[in-house]
Amino acid sequence: MKDQRLIQGRPAPRLLAASALLAAATLLSAAPALGHSLFPGVQAIVSRPGAAKGDWLMAATFGMLRSTDGGLTAGWICEEAYVADTGGVDSTVAVLSDGTWLVTTDGHAFSSTDDGCSWNKLEGVPDEAWFYGIWQDPAALDTLWAVAVVDGKTHQLLRRDPKTGTWATKWESGPLHVKRVELRGKRLAALAADPGGGGALLLWSENGGDTISSKPIKNIEGELRLAPLHPTDPKLLVLRSNKSEVHGVWRSTNGGETWKQVLSFKPKQDLQAATW
């Protein structure tokens with residue numbers, strides 16, 4: 001089954017994973033970048049509204065790339081400006097319906113209206129916010145979600161209003177950290193975890209984030225990460241647990257009320273990503 005979050009008309013998930021590997025290989029064969037010494041990898045792949053099939057933006061460990069052939073080849077986008085204006089490290093990226101690019105990189109958020117060749121600080125967000133990432137559902141391009149920590153201690157889920165462009169806090173916590181948001185139409189899910197090992201909550205909404213409920217995740221230890229939401233079944237959830245000696249995949253068929261382990265493997269066989 002095709003993942004509806006992916007670019008319209010792209011191959012099935014198995015082939016998309018192969019394309020991502022090709023994009024990573026392209027990074028290794030490209031000319032040296034201006035960034036730091038981290039091993040290069042693709043953090044996110046998005047398509048611009050109205051772009052031709054296979055026209056991708058790829059946020060990398062450092063810098064931003066563009067491919068016009070589905071990831072077979074790629075080139076750096078205005079690299080000097082991107083690194084100078086934003087830092088260009090571990091970016092996440094979204095593209096609005098009017099073509100505006102938004103990125104978070106090294107904790108900060110920026111926008112560009114000239115295909116990434118000049119950048120300005122993102123407006124309408126707290127000046128002191130430190131961003132973990134920005135997420136977008138292709139079915140609603142201009143409604144964005146971001147995760148940020150404010151004042152060094154308060155972790156917030158922020159939603160962008162598509163009409164006004166303003167951002168509002170929809171959930172916040174002091175001790176619990178949110179690192180990623182999963183979107184599917186009106187459904188939203190995220191994990192809020194205590195980095196000290198004090199447990200985790202499943203955050204859930206079925207009305208586009210107007211209201212967000214939470215429920216504890218019981219009897220699953222380690223670092224947790226949600227898989228993308230199922231295309232049609234709102235009650236089916238999958239997450240990965242990463243404990244020191246044993247990693248595993250857990251499945252819930254009742255919206256996170258209970259979980260059953262369906263896979264276990266050693267750390268060297270860690271599961272990095274999954275899709276439907």
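User: How many of the 6 residues in β19 are buried?
Analyst: Strands here are DSSP runs of E, at least two residues long and numbered from the N terminus. Buried means under 20% relative accessible area, exposed is over 50%, and partly exposed is in between, with a 1.4 Å probe and protein chains only. β19 comes out mostly covered, and the buried count among its 6 residues is 5.

User: What pLDDT do local features need here?
Analyst: Residues are numbered from 1 along each chain as its sequence is written, and side-chain values use heavy atoms, with hydrogens and water left out. This is a predicted model, so to speak with filters: totals for chains, interfaces and linings use all residues, side-chain atom pairs count only at pLDDT 80 or more, and local features need pLDDT of at least 70.

User: Which strands sit at the edges of the open sheet of 4 strands?
Analyst: Two strands pair if DSSP finds at least two bridges between them. The order in this open sheet is β17-β18-β19-β20, and the pairing is antiparallel. An edge strand pairs on one side only, and that fits β17 (223–226) and β20 (260–265).

User: By what angle are neighbouring strands of this sheet turned against each other on average?
Analyst: The axes are lines fitted to C-alpha atoms, for helices over the stretch in contact, and angles between N-to-C directions run from 0 to 180 degrees. For this sheet, direction is ignored, and the average for neighbouring strands is 25°.

User: Which residue in β20 stands opposite V249?
Analyst: On one side, β18 (237–242) and β19 (247–252) run antiparallel with 6 bridges, and R240 stands opposite V249 there. On the other side, 5 bridges join β19 to β20, again antiparallel. Across from V249 in β20 is L263.

User: Which side chain makes a polar contact with that of S241?
Analyst: S241 is found in strand β18, and its relative accessible area of 6% makes it buried. Contact means heavy atoms within 4.5 Å, and S241 touches several residues beyond four places away in sequence, among them I220, E221 and L224. A polar contact is a pair of N or O atoms within 3.5 Å; within protein, one must be able to donate a hydrogen and the other to accept it, and residues adjacent in sequence count only if both atoms are side-chain atoms. At 3.1 Å, the partner of S241 is W250.

User: How far apart in sequence are the parts tied together by the C78 to C117 disulfide?
Analyst: A disulfide is a pair of cysteine sulfur atoms within 2.5 Å, and C78 and C117 have an S to S distance of 1.7 Å. C78 lies in the loop between β4 (75–76) and α2 (79–86), while C117 lies in the loop between β7 (108–112) and β8 (120–121), so the separation is 39 residues.

User: Which residue in the turn between β13 and β14 has a positive phi?
Analyst: β13 (177–184) and β14 (187–193) pair in the antiparallel sense over 6 bridges. They form a hairpin with 2 residues between them, and the turn residue with a positive phi of about 65° is G185.

User: Which element gives the most residues to the largest nonpolar core?
Analyst: A nonpolar core is a set of buried Ala, Val, Leu, Ile, Met, Phe, Trp, Tyr and Cys residues joined through side-chain atoms within 4.5 Å. This one has 15 residues, and L102, L122, F131, L144, L158 and W167 touch the most other members. The elements giving two or more residues are β9 (130–137) and β10 (140–150). With 4 residues, the top contributor is β10.
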